[in-house]
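Me: I would like to go through a structure with you. Could you take my questions one at a time?

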Amino acid sequence: MSVRTAGPARSDLVADTALALLAERGMRGLTHRAVDEAAGLPQGSTSNLARTRQALLELAVRRLADREARVLGLHEMPDPRAGAGPLADALALATHRALTGNRSLTLARYELALEATRRPELRAYFDAAGARFRDQLAALVTGLGSTDPARHTLSLIAWADGLMFSCVAGSFGAESPSLEDVRAGVRELLEGMVGG
């Protein structure tokens with residue numbers, strides 16, 4: 001295996017490996033040494049890039065945000081003037097992607113979210129990373145004609161997060177709903193908020 005050495009490539013390798021370890025082993029399994037070993041890097045490489053545990057967690061959170069933006073397809077969200085149907089379709093696809101081909105990334109997010117509740121210094125990084133999607137969703141529901149965009153955004157995110165948690169780490173962990181089932185749930189929410 002060839003080891004990547006360039007700055008951004010090394011940083012991505014370390015962050016991606018940290019995310020994989022979080023999903024596989026949990027927070028206790030994430031150490032600088034474990035990242036070096038799993039990434040096939042010389043011992044001390046991760047420490048050279050992220051000296052402290054906090055720095056390693058921040059690196060993982062930043063990479064998580066970048067990868068989730070691609071998974072969630074932030075660049076694919078429709079113009080809200082097209083109505084609730086196209087937005088429901090796009091949100092359902094984003095949620096379904098997180099549930100199926102990206103389960104380990106979603107699990108890593110939950111590990112980081114829980115750790116952020118115990119580390120105030122990590123909370124700011126985690127919240128800023130999540131703001132990218134939250135702000136875009138708020139703009140979309142505003143564009144749909146929501147009379148209370150903040151509350152509606154919270155409801156949509158809470159619904160999607162609850163579904164993902166239940167199916168990735170909770171009591172429905174052995175199954176994932178179909179894309180059609182997710183779409184039906186999102187449509188029901190959106191139609192209740194802004195009408196069909």
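Reply: The questions below concern a helix, a histidine and a pocket.

Me: What kind of model is this, and how are residues numbered?
Reply: This is a predicted model, in which local features need pLDDT of at least 70, side-chain atom pairs count only at pLDDT 80 or more, and totals for chains, interfaces and linings use all residues. Residues are numbered from 1 along each chain as its sequence is written, and side-chain values use heavy atoms, with hydrogens and water left out.

Me: Which residues of α9 are buried?
Reply: V182, R183, G185, V186, L190 and M193 are buried in α9, where buried means under 20% relative accessible area and exposed over 50%, with a 1.4 Å probe and protein chains only. Seen down the axis of α9, these buried residues fall within an arc of 165 degrees (from the directions from the helix axis to the C-beta atoms), so they line one face of the helix.

Me: What is on the face turned away?
Reply: That face of α9 carries the exposed residues E180, D181, E188 and G192.

Me: And what do the buried ones pack against?
Reply: The buried residues of α9 pack against α5 (84–99), α7 (120–144) and α8 (149–168).

Me: Is H96 buried or exposed?
Reply: H96 counts as buried because its relative accessibility is 17%. H96 is located in helix α5.

Me: What does H96 touch?
Reply: Leaving aside residues up to four places away in sequence, H96 touches P177, S178, L179 and V182, a contact being heavy atoms within 4.5 Å.

Note on methods
Helices (H or I, at least four residues) and strands (E, at least two) are DSSP runs, numbered from the N terminus.
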